[in-house]
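Trainee: I would like to go through this model with you, pockets and core included. Can we take it question by question?

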Amino acid sequence: MDLTRLAADAILTAAADAVVATDRDGIIQVWNPGAERIFGHRADEALGQSLDLIIPDRLRPRHWEGFHRVMATGESHYGAGDLLSVPGIRKDGQRISLEFTIVPLKDEQGQMQGLAAVMRDVTSRFEEIRALKQKLAEASVPPSPH
């Protein structure tokens, strides 16, 4: 086995972040231990399933519209390395806040074969920022005259 493959396997296994890759139809083909930890689904529960597994119901139409556009064109509205923020859903139904990057998976001819995403659960940071914004808003409201 070459060093590149060893490094890729080690990163997939050890990464705290979720690494999820799908085929052209949005069917999960790669689900690392980080994805198990973040989303609560074991690999054997996620592999072969649709990405709907982790996408909140109300966001699915917008997600699939964008997904199919990227599959058809090979182009994304997001540049390489752009960090995207979206809600996700865990196996227990809990909503979480995610930051992620997407990587197009193309064959030797440059044809789209799927997408990979590296995702991080930022729920606690998102909630802290929301609480701070609320405190700031409350502090900036002038007292009401009596």
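The questions below deal with pockets, core and single residues of a predicted model.

Trainee: How much space lies in the largest pocket, and which residues are closest to its centre?
Mentor: The volume comes to about 770 Å³. The lining holds 29 residues. Closest to the centre of this pocket are H63, L84, V86, F100 and I102.

Trainee: Which element gives the most to the lining of the largest pocket?
Mentor: Five elements each supply at least two lining residues: β1 (18-23), α4 (60-73), β3 (84-89), β4 (95-106) and β5 (112-121). With 7 residues, the top contributor is α4.

Trainee: By class, how many residues of that lining are nonpolar, polar and charged?
Mentor: Take the charged ones to begin with: the lining of the largest pocket has 4. Polar residues number 6. The nonpolar count is 19.

Trainee: Which element gives the most to the lining of the second largest pocket?
Mentor: This pocket holds about 210 Å³. Its lining includes S85, V86 and P87, along with R95, I96, S97, L98 and E99. Elements giving two or more residues are β3, β4 and α5 (123-140). With 5 residues, the most comes from β4.

Trainee: How do the residues of this second lining divide by class?
Mentor: Among the lining residues are R95, E99 and R125. In the whole lining of the second largest pocket, the split is 3 charged, 2 polar and 7 nonpolar.

Trainee: S97 lines that pocket. Is S97 buried or exposed?
Mentor: S97 sits in strand β4. Not counting residues up to four places away in sequence, S97 touches V86, R120, D121, V122, T123 and F126. Its relative accessibility is 14%. The cut-off for burial is under 20%, so S97 counts as buried.

Trainee: Does α5 lie largely in the open or is it buried, and what is the number buried?
Mentor: α5 has 18 residues. From first C-alpha to last it reaches 26 Å, close to the 26 Å expected at 1.5 Å a residue. α5 lies largely in the open, because the number of its residues that are buried is 1.

Trainee: Which residues touch the most other members of the largest nonpolar core?
Mentor: The core has 25 residues. Elements giving two or more of them are β1, β2 (28-31), α2 (33-39), α3 (43-46), α4, β4 and β5. The residues touching the most other members are V20, W31, F39, L51, I54 and M119.

Trainee: Which residues is M119 in contact with, leaving aside neighbours within four places in sequence?
Mentor: M119 is one of the core residues that touch the most other members. Its contacts include V20, F39 and I54, which are in that same group. The rest of the list is D17, A18, I38, L98, E99 and F100.

Trainee: How far apart in space are Q113 and D23?
Mentor: Q113 is in strand β5, and it is partly exposed at 37% relative accessible area. Beyond four places in sequence, Q113 is in contact with T22, D23, R24, L105, K106 and D107. Q113 and D23 are 90 residues apart in sequence, yet their C-alpha separation is 5.9 Å.

Trainee: What distance separates the C-alpha atoms of V30 and V122?
Mentor: V30 lies in strand β2 and counts as partly exposed at 28%. Leaving aside neighbours within four places, V30 is in contact with L12, V19, V20, A21 and L47. V122 is 92 residues away along the chain, and the C-alpha separation is 21 Å.

How values were computed
Residues numbered from 1 in each chain as written. Predicted model: local features only at pLDDT ≥ 70, side-chain atom pairs only at ≥ 80, totals over all residues. Heavy atoms only, no water. 1 Å grid on protein atoms, 1.4 Å probe; cavity = no way out; pocket = protein on both sides within 12 Å on 5 of 7 lines; lining within 4 Å. Points joined across faces, edges and corners; volume = space filled by probe spheres on them. Helix = DSSP H or I, 4+ residues; strand = E, 2+ residues; numbered from the N terminus. Nonpolar A, V, L, I, M, F, W, Y, C, P; charged D, E, K, R; others polar. Buried < 20%, exposed > 50% of the residue type's maximum accessible area, 1.4 Å probe, protein only. Contact = heavy atoms within 4.5 Å. Core = buried A, V, L, I, M, F, W, Y, C linked by side-chain atoms within 4.5 Å. Expected span 1.5 Å × (residues − 1).
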